[in-house]
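Me: I'm new to this one, and I'd like to understand the labels people put on it. Could you go through them with me?

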Amino acid sequence: MHARTTSKLLALTAAAVIALTGCSTAAGSNAETKPAGESVTIENGWVKAADEGMSAAFGELENSSDQDVTVVSATTKASNMIELHETVENESGEMVMRKKSGGFTIPAGKSLTIEPGGNHIMLMDLVNPIKAGDEITFTLTFSDDSTYDFTVPAKDYSGANENYEGEDMDMGGDSK
């Protein structure tokens, strides 16, 4: 009987050690995960110059981590209202912009293009005109509450005059 109890005790001890080792490894790998804001950079970023109304920011968001990251919001002093947008086909077959539900997910080790006619950062109710050559600073906030600040130049661009929920958007520029 004593051998059976000792055998059970050894088996339980081994199982506890294995379980604790598993917990310790999981905790260790979580500690090594960097905040999303430290893993993302922007390449070739720019903002559309606009006299008033609306504008948008574009570029290539790169995720250097081994985890997907999600941008949930953006802010800038250049605009009173800013949204993450996608461009999709509506029921009539027209391409329209709408707020991107859930934000932008940037896959692990990959990049996400934010561009005219696709995903973009929409600036609405501009505070002042954005002139070509101006430098505009943004703060992205991620699902883990970390942030990433970046500054990009404004450029003249005659495109990006998509529709928004069935209406023409005033992107503040001339249709050159």
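Me: Happy to start with a lysine: why is Lys-131 called partly exposed?

Reply: Its relative accessible area is 42%. Buried means under 20%, exposed over 50%, and partly exposed in between, using a 1.4 Å probe and protein chains only, so Lys-131 counts as partly exposed. Bear in mind that this is a predicted model, where local features need pLDDT of at least 70, side-chain atom pairs count only at pLDDT 80 or more, and totals for chains, interfaces and linings use all residues. Residues are numbered from 1 along each chain as its sequence is written, and side-chain values use heavy atoms, with hydrogens and water left out.

Me: What makes Lys-131 and Asp-51 a salt bridge?

Reply: The term asks for a side-chain nitrogen of Lys or Arg within 4 Å of a carboxyl oxygen of Asp or Glu. For Lys-131 and Asp-51 the closest N and O atoms are 2.9 Å apart, so the pair fits that rule. The partners sit 80 residues apart, Lys-131 in the loop between β8 and β9 and Asp-51 in the loop between β1 and β2. Strands here are DSSP runs of E with at least two residues, helices are runs of H or I with at least four, and both are numbered from the N terminus. Asp-51, with a relative accessible area of 43%, is partly exposed too.

Me: Which residues do shared salt bridges join into one network?

Reply: They are Glu-86, Arg-98 and Lys-100. Glu-86 meets Arg-98 at 2.7 Å, N to O, and Glu-86 also bridges to Lys-100, with closest N and O atoms 3.5 Å apart.

Me: Why does Glu-86 count as buried?

Reply: Because its relative accessibility is 12%, which falls under the buried limit. Arg-98, at 39%, counts as partly exposed.

Me: Why is the pair Tyr-148 and Phe-150 called stacked?

Reply: Rings of Phe, Tyr and Trp (its six-membered ring) pair if their centres lie within 6.5 Å; planes under 30 degrees apart count as stacked, over 60 as edge-to-face and the rest as tilted. The centres of Tyr-148 and Phe-150 are 5.6 Å apart and their planes are at 25°, so the pair is stacked.

Me: And how many aromatic pairs are counted?

Reply: The count is 4. One of them is Trp-46 with Phe-58, a tilted pair with centres 4.6 Å apart and 45° between the planes. Trp-46 lies in strand β1 and Phe-58 in strand β2.
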